[in-house]
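User: Please examine the model shown here and answer some questions on its fold and its interior.

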Amino acid sequence: MSRPYFASTVHIEGMDLAGKSTVTGYLAGALGGRIQRNSLIPGNPIYSLADGLRRASAASPEVLGPLYVSAVCYDLDHLRRPDGPRVQDSTILLRSLAFNDLMGAKYVVRGLLEQLPRHPQFGRTIVLTATIEARQRRLAERRRVAPAEVAADDLMVETAPGLFLEMEKSLIKHAVQYFRAVVLDTSELSKDGVRSAVSSTLGRRA
């Protein structure tokens, strides 16, 4: 059984401060589509619960892991083929795989991979990456010009850079393996440069 194929969806993955917000906003305008973040469908209540608990540090990884597996199942149970262009900004599946694989939570990884045959492939998948130094510069700039937009997850590039890079390595591994992702390093690129590089990458792939 082949996986569903959403040809009109561009999927952008990556850890924080690699340029995803810059790219997804640009692509949504260029393609005339909407952005769907993390969950594959709007209003996934299980994902909202899991992410709320995570952000509040109100549940352990042992509790959150199965919740994220359930969130993926809810997505796939209610998923409908998009009726037009769409930009998928990250996926629960890949983010959860990256974290739980790194943590050695084999039962969560197994639960996620069991859902893979139902999970759509996308017309394009690009993973954005950058060096820790570039991300730290971007965090400093974000603090300066838009401090309200600094999220707790962003701070990991300062507080736990080694763990951050290991998670990114796992994310890239799974994105390439399961989504045929192209990896794009944005470390030396301006925002305009990131947009141009993504457009060029999309144009080169058939």
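The questions below concern a predicted model.

User: How many helices and strands are there in the chain?

Analyst: From the N terminus on, the order of elements is β-α-β-α-α-β-α-α-β-α-α-α-β-α. The chain therefore reads as a mixed succession of the two element types. The count is nine helices and five strands.

User: Which radius of gyration does the chain have, and why does it agree with a compact globule?

Analyst: The C-alpha atoms fill a box of roughly 40 × 40 × 30 Å along the principal axes. For 206 residues, a compact globule would have a radius of gyration near 17 Å, so the chain agrees with this expectation at 16 Å.

User: Which helix gives the most residues to the largest nonpolar core?

Analyst: This core has 39 residues, and L93 and L112 have the most contacts inside it. L93 touches L112 itself, as well as V72, L116, H119 and F179, when residues up to four places away in sequence are not counted. Among the elements that give two or more residues to the core are helix 4 (92–103), helix 5 (106–114) and strand 4 (121–129). The greatest contribution, eight residues, comes from helix 3.

User: Which side chain of opposite charge is nearest to D16, and how far away is it?

Analyst: D16 lies in the loop between strand 1 (5–13) and helix 1 (20–31). Beyond its neighbours within four places in sequence, D16 is in contact with R135, D153, D154 and F164. D16 is buried but has no salt bridge. The nearest side chain of opposite charge lies 4.5 Å away and belongs to R95.

Note on methods
Residues numbered from 1 in each chain as written. Predicted model: local features only at pLDDT ≥ 70, side-chain atom pairs only at ≥ 80, totals over all residues. Heavy atoms only, no water. Core = buried A, V, L, I, M, F, W, Y, C linked by side-chain atoms within 4.5 Å. Buried < 20%, exposed > 50% of the residue type's maximum accessible area, 1.4 Å probe, protein only. Helix = DSSP H or I, 4+ residues; strand = E, 2+ residues; numbered from the N terminus. Contact = heavy atoms within 4.5 Å. Lys, Arg positive; Asp, Glu negative; His and termini not counted. Salt bridge = Lys/Arg side-chain N within 4 Å of Asp/Glu carboxyl O. Rg over C-alpha atoms; globule rule 2.2 N^0.38 Å.
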